[in-house]
Amino acid sequence: MSDKIDIFDTTLRDGEQAAGTRLDSREKLAIALQLERLNVDIIEAGFPCSSPKDFEAVELLSQEISGPRICALSRAMKADIEAAGRAIAKAKRSRIHTGIGVSDIHMTGKFGDDKYGKTIGEKKVRIMAMAADAVRFAREFTDDVEFYAEDSGRADPAYLFEMLESVIDAGATVLNIPDTTGYAIPELWGQLIHGIKTNVPNIDKAIISVHCHNDLGLAVANSLSGVLNGARQVEGTINGVGERAGNAALEEVVMAIRTRRDHFKVDTDINAKEFFATSRMVANAFRMSIPPNKAIIGGNAFSHSSGIHVDGVLKQRETYEIMAPEDVGMDETKVVLTARTGRHGVKHRLEKLGYRLATDELEKVYHRFLVVADKKQEVFDDDLRAIITDEIHPVEVRYELLYLNTLSGKGSIPTASVRLKDGDTIREEASTGDGPVDATYRAIAAAANVSPSVSDYEIRAVTAGTEAMGEVYLHMSEDDICVSGRGASTDIIEASANAYIDGLNKLAAEKRR
Ligand code: KIV
Ligand code: ZN
């Protein structure tokens, strides 16, 4: 068995299914270029049949990315597979990822119609035939076809083995065994992968892949158990982003394999020094903050505070550290930019962080950089990332905040007045509220004539010090559409307003769709 583990990144497909997240093609390309630097083996770029935007993104990545293989998702349906095939047609190296539900719950729930069989036995036969047909059809577009057996974690293993044998015969080159609902337990999951290795007669013709969800917090542990039992591809996302509790965090999988090579006896081709930049880029694009204690890339992942630990690390790092921050690219934040750095210096630093901007985008970012540098003298990498996400808007901008004034303080009634541009119309409104942020949100909502509900409001300092940039994340929903918003500023009320406006613009874009 090979000692190389392929890393299949699905940040742009399964990761993007996280509540409130939608990336446009430009954002997907920026992340894909960074994933190329990270040296992942496969990028799952999207689900082309699901929307024209997804099709466009997969097509764009197929043209622009030359290192990793570009993969498109499809259900086991002709129209889906055709769309996937067309979207990846220009890729240097391509893959179609097609599949079907294999647990009884999925088969009866999704294929309840009698046309798929009246009994579960009949449905099983019909669904197995659909799976093989889908793989055969996908092979007409590319010679690399991955089959996913959805909800393998709750499937009858005997049926799963038979299904896998049949799709390998139909031409599947990779078998994805997803724990779709995050139900698996490491030991049992390992046994299932071992069972596949020993019970599927033609298994040597395909690579086994594991795709674990994190509902019980076990996605990484299950993935690693899969590797120990013969899986040679691991699927996951950067920072573990994804639907519900998310997917296996790739930075954790890779660093576990690398740090405990003595145990796993395999490795990946990942350039781990790019993890930090990739993680921050994804967090900003997904409008998700990273908990400080997050393994591998959290702000505190390499901080020591207790006296005994600090003393130990100073004497010999290995006493309390199993990895070095520089192994995952965390030693980069020492560079400080100031108002005198100049356009060229800022551009150079942005490129180091993985952002290659068009001239007009760079102008916008540089202009904002100067405003921030004037206020806080020193601009750090995290400030730059916050500026980028703020200035390079992913959605068409309908609302723009032209003016904001708030009044608050002990004994006063918090009040906000705003001037808002809504398309070609400019409106002014004022409101009171429970605090200056609440008053601001009420005034903007009145000016925009909307009434979304806001949840998960979170504020954090991007960098240290009282003059630090404040970053605000929130979720916003209206008419059953949920989006996330993010804003940054050295003024936290303005950062809150920017996050609200970002959310409103995304809501408007979603409604148009
Ligand atoms: O979790 C899952 O089952 C999936 C498949 C579509 C691969 O994401
Ligand atoms: Zn999934």
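This passage describes the overall dimensions of a predicted model and then several of its local features.

The chain contains 17 helices and 14 strands. Along the principal axes, its C-alpha atoms occupy a box of roughly 75 × 60 × 45 Å. The radius of gyration is 25 Å, which agrees with the value near 24 Å expected for a compact globule of 513 residues. Of these 513 residues, 56% count as buried. The surface that the chain exposes amounts to about 21900 Å², and carbon and sulfur atoms supply 50% of this area. Contacts across long stretches of sequence were also examined. Among contacts between residues at least 6 apart in sequence, 66% join residues that are at least 24 apart.

One pair of helices illustrates the packing of elements in the chain. Two packed helices are described by the angle between their axes and the distance between the axes. The axes of helix H13, residues 342-352, and helix H15, residues 381-391, come within 11 Å and cross at roughly 90 degrees. Because angles of 65 to 115 degrees count as roughly perpendicular, H13 is roughly perpendicular to H15. Helix H13 contributes Val-346, Arg-349 and Leu-350 to the contact, while helix H15 contributes Asp-381, Leu-384 and Ile-388. In the contact of H13 with H15, 4 residues are nonpolar and 2 are charged, with no polar residues present.

A second region of interest is helix H9, which spans residues 250-259. The buried residues of this helix are Leu-250, Glu-251, Val-253, Val-254, Met-255 and Ile-257. Their cover includes elements from several parts of the sequence: strand S1 (6-9), helix H8 (219-228), strand S8 (233-236), helix H10 (261-264) and helix H11 (275-285).

The loop between S8 and H9 holds Asn-239. With a relative accessible area of 15%, Asn-239 falls under the 20% limit and is therefore buried. Apart from its neighbours within four places in sequence, Asn-239 is in contact with Ala-249, Glu-251, Ser-279, Val-282, Ala-283, Ile-290, Lys-294 and Ile-297. Glu-251, one of these partners, is itself among the buried residues of H9. The C-alpha atom of Asn-239 is separated by 9.4 Å from that of Gly-298, a residue 59 places away along the chain. Arg-244 is also located in the loop between S8 and H9. Although Arg-244 is not a glycine, its phi is positive, at about 50 degrees.

A positive phi is also found in Asp-456, a residue other than glycine, where the value is near 50 degrees. Asp-456 lies in strand S12, which comprises residues 453-461. The relative accessible area of Asp-456 is 53%, and the residue is therefore exposed, the limit being over 50%.

Two further residues were considered, one in a helix and one in a loop. Ala-83 is placed in helix H3, residues 78-87. Its relative accessibility is 5%, so Ala-83 counts as buried. Once neighbours within four places in sequence are set aside, the contacts of Ala-83 are with Pro-48, Cys-49 and Phe-55. Ala-83 and Phe-47 lie 36 residues apart in sequence, and their C-alpha atoms are 8.8 Å apart in space.

Gln-17 is found in the loop between S1 and helix H1 (25-38). Strand S1 is also one of the elements that cover the buried residues of H9. At a relative accessible area of 33%, Gln-17 is partly exposed. The C-alpha atoms of Gln-17 and Pro-452 are separated by 21 Å, and the two residues stand 435 residues apart along the chain.

Terms used: Residues numbered from 1 in each chain as written. Chains lettered and ligands numbered in written order. Predicted model: local features only at pLDDT ≥ 70, side-chain atom pairs only at ≥ 80, totals over all residues. Heavy atoms only, no water. Axes fitted to C-alpha atoms, helices over the stretch in contact; angles between N-to-C directions. Helix = DSSP H or I, 4+ residues; strand = E, 2+ residues; numbered from the N terminus. Parallel < 35°, antiparallel > 145°, perpendicular 65-115°, else oblique. Contact = heavy atoms within 4.5 Å. Nonpolar A, V, L, I, M, F, W, Y, C, P; charged D, E, K, R; others polar. Rg over C-alpha atoms; globule rule 2.2 N^0.38 Å. Buried < 20%, exposed > 50% of the residue type's maximum accessible area, 1.4 Å probe, protein only. Areas by Shrake-Rupley, 256 points an atom, 1.4 Å probe, with all protein chains shown as cover.
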